[in-house]
Amino acid sequence: MATQGERPALRKPVFIKVDQLKPGTSGHTLTVKVVSSKTVLQKARPTAASSARPTRIAECIVGDETGVIVFTARNEQVDMLQPGATAIIRNAKIDMFKGSMRLAVDKWGRLEVTEPANFTVKEDNNLSLVEYELVHVVE
């Protein structure tokens with residue numbers, strides 16, 4: 001039982017490697033390096049509300065020593081994920097886009113830039129290039 005002034009113990013995150021990611025899974029925590037970043041959508045929202053921010057989406061190739069995957073960065077995440085940066089991605093999920101895996105962080109996840117990691121990214125194992133076929137199981 002926690003005494004007064006103590007907070008309940010937080011569970012330590014379990015870090016996984018890029019090559020362990022599977023379609024349709026979520027709750028992943030990884031440390032990755034950004035290999036490249038390409039803006040794929042940049043549009044301003046209707047000007048009726050002056051407080052509206054533009055929508056920006058970038059596809060970033062991120063990875064570790066086991067492989068790389070496309071990370072879909074949105075809005076302020078685009079600025080954080082510059083090539084060469086090291087980031088910790090918490091509570092990420094796998095989205096499927098045209099049969100391939102994409103890593104994404106929604107409102108429940110977190111992205112933070114951290115100290116440069118000391119691993120070499122394995123760029124020849126791109127998990128987003130593996131095409132999955134959706135199979136309907138009839139019972």
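1. The largest nonpolar core has 24 residues, and those touching the most other members are Leu-21, Ile-69, Phe-71, Leu-81, Ile-89 and Leu-103. A nonpolar core here is a set of buried Ala, Val, Leu, Ile, Met, Phe, Trp, Tyr and Cys residues joined through side-chain atoms within 4.5 Å. Buried means under 20% relative accessible area, exposed means over 50%, and partly exposed is in between (1.4 Å probe, protein chains only). At least two residues of this core come from each of strand S1 (26-43), strand S2 (55-64), strand S3 (67-74), strand S4 (86-97) and strand S5 (100-104). S4 gives the largest share, four residues. In soluble globular proteins, nonpolar side chains tend to be buried together.

2. The model is predicted: local features need pLDDT of at least 70, side-chain atom pairs count only at pLDDT 80 or more, and totals for chains, interfaces and linings use all residues. Residues are numbered from 1 along each chain as its sequence is written, and side-chain values use heavy atoms, with hydrogens and water left out.

3. The protein chain has one helix and six strands. Read from the N terminus, the order of its elements is β-β-β-α-β-β-β. Helices (H or I, at least four residues) and strands (E, at least two) are DSSP runs, numbered from the N terminus. Of the 139 residues in the protein chain, 35% count as buried. The accessible surface of the chain is about 9600 Å², and carbon and sulfur atoms account for 52% of that. Accessible areas come from the Shrake-Rupley method with a 1.4 Å probe, and for residues only the protein chains shown count as cover.

4. How do S1 and S2 run, and how many bridges join them? They run antiparallel and are joined by nine bridges. In this pairing, Ser-37 has Cys-60 of S2 as its bridge partner. S1 also runs antiparallel to S4, with six bridges between them. Here Val-32 stands opposite Ala-87 in S4. Two strands pair if DSSP finds at least two bridges between them.

5. Ala-87, in strand S4, is a useful residue to look at next. Is Ala-87 buried or exposed? It counts as buried because its relative accessibility is 1%. Leaving aside neighbours within four places in sequence, Ala-87 is in contact with Leu-30, Thr-31, Val-32, Leu-81, Leu-111, Glu-112, Val-113 and Thr-114. Contact means heavy atoms within 4.5 Å. The C-alpha atoms of Ala-87 and Gly-63 are separated by 9.9 Å, and these residues are 24 apart along the chain.

6. Two further residues show contacts across the sequence. Ile-69 touches residues including Val-18, Leu-21, Cys-60, Ile-94, Met-101 and Leu-127, not counting residues up to four places away in sequence. Thr-72 is placed in strand S3 and, at 12% relative accessibility, counts as buried. With the same neighbours left out, up to four places away in sequence, Thr-72 touches Ile-57, Ala-58, Gln-77, Arg-102, Leu-103 and Ala-104. In the protein chain, 60% of the contacts between residues at least 6 apart in sequence join residues at least 24 apart.

7. The whole structure has six salt bridges. A salt bridge is a side-chain nitrogen of Lys or Arg within 4 Å of a carboxyl oxygen of Asp or Glu. One of them joins the side chains of Arg-90 and Glu-112 (3.4 Å, N to O). Arg-90 lies in strand S4 and Glu-112 in strand S6, so this pair ties together parts that are 22 residues apart in sequence. Arg-90 is partly exposed at 23% relative accessibility, and Glu-112 is partly exposed at 21%.

8. Glu-112 also forms a salt bridge with Arg-110 (2.5 Å, N to O). Arg-110 counts as partly exposed, at 49% relative accessibility. Through shared partners, salt bridges join Arg-90, Arg-110 and Glu-112 into one network. Another salt bridge is between Lys-93 and Asp-95 (3.1 Å, N to O). Lys-93 is partly exposed at 24%, as is Asp-95 at 25%.

9. On the surface, Met-96, Val-130 and Tyr-132 make a nonpolar patch of about 240 Å². Patches are made of residues with over 30% relative accessible area and no salt bridge: like charges are joined within 9 Å, and nonpolar side chains (Val, Leu, Ile, Met, Phe, Trp, Tyr) within 5 Å. Tyr-132 sits in the segment after strand S6 (110-114). Its relative accessible area is 33%, so Tyr-132 is partly exposed.
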